[in-house]
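This report introduces one protein model to a first-year student. Please consult the sequence and the 3D view before reading further.

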Amino acid sequence: MTKRTPLYAAHVAAGAKIGDFAGWEMPINYGSQIEEHHLVRRDAGMFDVSHMRAVDVAGPDAQAYLRRLVANDVAKLTLPGKALYSCMLKEDGGVIDDLIIYFFTPERYRIVVNAGTADKDLAWMLAQTAGFKVSVQDHPELAMIAVQGPNARERFWAAFPVGRASTVLLQPFQAAEWDGWLVARTGYTGEDGFEIILPGAQAIAVWDKLKAVGIAP
């Protein structure tokens with residue numbers, strides 16, 4: 001059975017072409033893919049990446065647990081909100097998935113894993129908790145919206161001006177917690193912008209507000 005993100009109805013209403021991606025009904029495009037490309041390179045576009053999975057790792061042994069789990073050393077993360085791109089490894093060194101880790105304290109992290117491997121990733125992560133005082137909690141109720149492009153941040157602040165103070169000083173590969181959201185600068189498009197992790201119940205209202213300030217789906 002295919003799954004749908006909290007934004008599915010918004011995609012259909014916008015005339016998106018829907019297709020399967022890793023078992024999810026996702027928008028492929030909203031018309032001209034060339035035009036969408038130019039919008040992201042020249043102005044601002046937004047992407048529904050809610051099929052990706054946020055997983056929180058917490059506890060006295062969170063850092064030690066993650067040092068065992070991934071290729072890079074999470075002990076290097078000392079600034080709250082700093083992010084790390086890494087690979088989660090099998091015991092023989094083979095790669096299970098690539099992921100992003102957000103550091104808050106040595107006892108609290110958030111990991112974002114890929115949609116196609118989320119269930120496998122979570123099962124592996126839970127299996128590796130033996131011997132560690134750590135909890136691993138996934139959050140399928142959360143949505144994720146990536147806002148990308150040279151004007152993405154300014155347009156985001158136009159939609160949510162009260163969020164500017166919490167996010168204006170973020171450098172690439174940093175994140176900030178704001179009003180129950182995680183707002184990060186860890187996008188994959190090659191353009192600047194934010195990735196917003198927020199409650200799924202708020203997703204359509206936020207999507208519509210971003211669209212109203214000129215950010216194209």
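A residue is called buried when its relative accessible area is under 20%, exposed when this area is over 50%, and partly exposed in between (1.4 Å probe, protein chains only). The model is predicted: local features need pLDDT of at least 70 and side-chain atom pairs count only at pLDDT 80 or more, while totals for chains, interfaces and linings use all residues. Residues are numbered from 1 along each chain as its sequence is written, and side-chain values use heavy atoms, with hydrogens and water left out.

**Salt bridges**

A salt bridge is defined as a side-chain nitrogen of Lys or Arg within 4 Å of a carboxyl oxygen of Asp or Glu. The structure contains 12 salt bridges. The table presents three examples from among them.

| Pair | N to O distance |
|---|---|
| R4 and E25 | 2.8 Å |
| E91 and R68 | 3.8 Å |
| E154 and R164 | 3.4 Å |

Helices (H or I, at least four residues) and strands (E, at least two) are DSSP runs, numbered from the N terminus. In the pair of R4 and E25, joined by a salt bridge, R4 belongs to the segment before α1 (8–13) and E25 to strand β2 (residues 24–29), so parts 21 residues apart in sequence are tied together. R4 is partly exposed at 49% relative accessibility, whereas E25 is buried at 18%.

The salt bridge between E91 and R68 ties together parts that are 23 residues apart in sequence, because E91 lies in the loop between β5 (83–89) and β6 (95–105) and R68 in helix α3 (residues 62–69). E91 is exposed, with a relative accessible area of 68%.

E154 and R164 also form a salt bridge. This pair links distant parts of the chain, 10 residues apart, with E154 in helix α5 (residues 152–159) and R164 in helix α6 (residues 164–167). Both are partly exposed: E154 has a relative accessible area of 46%, and R164 has 34%. In addition, salt bridges that share partners join R53, D119 and D138 into one network.

**The sheet and its helices**

Two strands pair if DSSP finds at least two bridges between them. Five strands form an open sheet in the order β5-β6-β7-β4-β8, with antiparallel pairing. Its edge strands, β5 and β8 (135–138), each pair on one side only. From one strand to the next, the twist averages 30°. Within the sheet, β6 and strand β7 (residues 108–113) are joined in the antiparallel sense by five bridges. R108 in β7 is the bridge partner of T105.

For angles, axes are lines fitted to C-alpha atoms, for helices over the stretch in contact, and values run from 0 to 180 degrees between N-to-C directions. Contact means heavy atoms within 4.5 Å. Helix α3 lies across β4 (53–58), β5, β6, β7 and β8, at about 30° to β7. Helix α4 (residues 118–127) lies across β4, β5, β6, β7 and β8 as well, running at about 10° to β4.

**The surroundings of F156**

Is F156, a residue of helix α5, buried or exposed? F156 is buried, with a relative accessible area of 0%. Which residues does F156 touch, not counting residues up to four places away in sequence? They are T167, W178, W181, F194, I196, L210 and I215. One of these contacts, L210, stands 54 residues from F156 in sequence, yet the two are 6.6 Å apart in space, C-alpha to C-alpha.
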